[in-house]
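Student: I have a structure to read and do not know where to begin. Could we go through its features in turn?

Tutor: Yes. Look at the sequence and the model first, then ask.

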Amino acid sequence: MPETILTNNALAERIETSDEWIVERTGIRQRHIASVLETTNSMGAMAARNALQMAGVRAEDVDMVIVATCTPDKTFPSSACHIQQELGIPPCPAFDVQAACSGFIYGLSIIDQFIRTKMAKRVLLIGSEVMSRVVNWQDRRTCVLFGDGAGAILLEASSTPGILNTHISADGRHKDILYLDNQANATIEMQGNSVFKLAVNMLDTIANQILVANNLTIHDLDWLVPHQANIRIIQAMAEKLGLPMERVVVTLREHGNTSSASIPLALDFAIRQGKIKPGQRLLLEAFGGGLTWGTALIQY
Ligand code: UT7
């Protein structure tokens, strides 16, 4: 996470909003903001180094790098190529995945196919975003929501599956309710209410779909690790699924919506806190601009 923290109260000094409104409507209390020296590439490289260290894997043994991001420093070369070079990872497939806030789950799904078909053995998946550079800081309907950060995981081929299953999908009919034009100084445009309703109406359905497809029920899950967009969306999903909030990882209070970085950051938090333990079963879920969405069942 970038060092600089922007609290709701500090935001309220710049635009017409309040800590009370933001906390009540979103659950967010603060967000981290990248300095000029902190970029998608630099934060992503740092997260990737930490992931390798935690996994005890050397950079030279990584054979694929995927970065999920909708705020790359450059359109090309990709952030994946930059991070590959930065870490000294030998020549291998390296590319970015752009599926807005669902990018991390899309990345997981791609990697699952590569590992199952023995095309890759050790893959770095990184979610890294500088959302602060693409929000309109005068638009209180969007700027209070987003923050910057990066997270990464290392996936390794093994005889016991870690990724049990992934489902990804999209519906381009909703492309105009949340978008970011590819032009200088363009900012995120969002019909917050429409996104909110679509998310609340679909998230329990897609969670149940992947559970049923794997002959599991909600009782077989230890943790739900949702995309950290809005606490009310997460609570509505948990309630519809009949899942107590004690089994849901929530980190958005501290860093808002970090898009593709939100799930790896939530995983990092819950694993380092000792909440998520080896052998437990997790359901990851995300939705974002497109509309894109995805779920992943993980045996940690
Ligand atoms: O990764 C996916 C990314 N996107 C999302 O997840 C967004 C999903 N949507 C949301 O989270 C919610 O729709 C928002 C948090 C964006 C907005 O919450 P809401 O409960 O849907 O509020 P609203 O847009 O219906 O606005 C209610 C009122 C409006 O005032 P009026 O028209 O009733 O007088 C807004 O102008 O709240 C006002 N408002 C604010 N007031 C203080 C909107 N933003 C703010 C603000 N501070 N920051």
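Student: In which sense do strand β3 and strand β5 pair, and over how many bridges?

Tutor: Keep in mind that this is a predicted model. Strands count as paired if at least two bridges are found between them. Here β3, residues 64–68, and β5, residues 122–130, are joined by five bridges and pair in the parallel sense. To see one of these positions, look at valine 67, whose bridge partner in β5 is isoleucine 126.

Student: What is the order of the strands in the open sheet with β3 and β5?

Tutor: Read a sheet from one side to the other, partner by partner. The order is β4-β3-β5-β6, which makes four strands in an open sheet with mixed pairing.

Student: Which strands stand at the edges of that sheet, and why is one side of each left without a neighbour?

Tutor: The edge strands are β4 (94–97) and β6 (148–156). Each has a single partner strand, so one side of each has no neighbour in the sheet. From one strand to the next, the twist averages 20°.

Student: What is the order in the open sheet that contains β10 and β11?

Tutor: That sheet also has mixed pairing, and its four strands follow the order β7-β12-β11-β10. At its edges are β7 (163–170) and β10 (223–226); each is paired with a single strand, so one side of each lacks a neighbour in the sheet. The twist here averages 10° from one strand to the next.

Student: How many bridges join β10 to β11?

Tutor: There are four bridges, and the two strands run parallel. Leucine 224 has leucine 283 of β11 opposite it.

Student: Now the backbone. Which peptide bond that leads to a proline is cis?

Tutor: To read a peptide bond, look at its omega angle. The bond from phenylalanine 76 to proline 77 is cis, with omega near -5°. Proline 77 sits in the loop between β3 and α4 (79–87). Another cis bond runs from glycine 290 to leucine 291, where omega is near -10°. Leucine 291 belongs to the loop between β11 (281–288) and β12 (292–299).

Student: What is the phi of lysine 118, positive or negative?

Tutor: Phi is positive there, about 60°, although lysine 118 is not a glycine. This residue lies in the loop between α5 (103–116) and β5.

Student: Let us turn to the ligand. Where does the ligand lie with respect to domain 1 and domain 2?

Tutor: To place a ligand, ask which parts of the chain supply its shell. Domain 1 (4–156) and domain 2 (163–299) both contribute residues to the shell, so the ligand lies between them.

Student: Which helices each supply at least two residues of the shell?

Tutor: They are α2 (19–26), α6 (140–143), α7 (192–213) and α8 (231–241). The most comes from α7, which gives four residues.

Student: Which of the 23 residues around the ligand come nearest?

Tutor: Those are Thr17, Arg25, Asn193, His227 and Asn230. By type, the shell has 11 nonpolar residues, seven polar and five charged.

Student: What is 2.9 Å from an oxygen atom of the ligand?

Tutor: For a polar contact, look for a pair of N or O atoms within 3.5 Å. In this case the partner is an N or O atom in the side chain of asparagine 193. The backbone takes part too: a polar backbone atom of arginine 140 is 2.9 Å from a nitrogen atom of the ligand. A backbone N or O atom of glycine 192 is 3.0 Å from a ligand nitrogen atom. On its own the ligand has 950 Å² of accessible area, and the protein covers 73% of this.

Note on methods:
Residues are numbered from 1 along each chain as its sequence is written. This is a predicted model: local features need pLDDT of at least 70, side-chain atom pairs count only at pLDDT 80 or more; totals for chains, interfaces and linings use all residues. Side-chain values use heavy atoms; hydrogens and water are left out. A residue is near a molecule or strand if one of its heavy atoms lies within 4 Å of it. A polar contact is a pair of N or O atoms within 3.5 Å; within protein, one must be able to donate a hydrogen and the other to accept it, and residues adjacent in sequence count only if both atoms are side-chain atoms. Accessible areas come from the Shrake-Rupley method with a 1.4 Å probe; for residues, only the protein chains shown count as cover. Ala, Val, Leu, Ile, Met, Phe, Trp, Tyr, Cys and Pro count as nonpolar, Asp, Glu, Lys and Arg as charged, and the others, Gly among them, as polar. Domain bounds come from an automatic or database domain assignment. Axes are lines fitted to C-alpha atoms, for helices over the stretch in contact, and angles run from 0 to 180 degrees between N-to-C directions.
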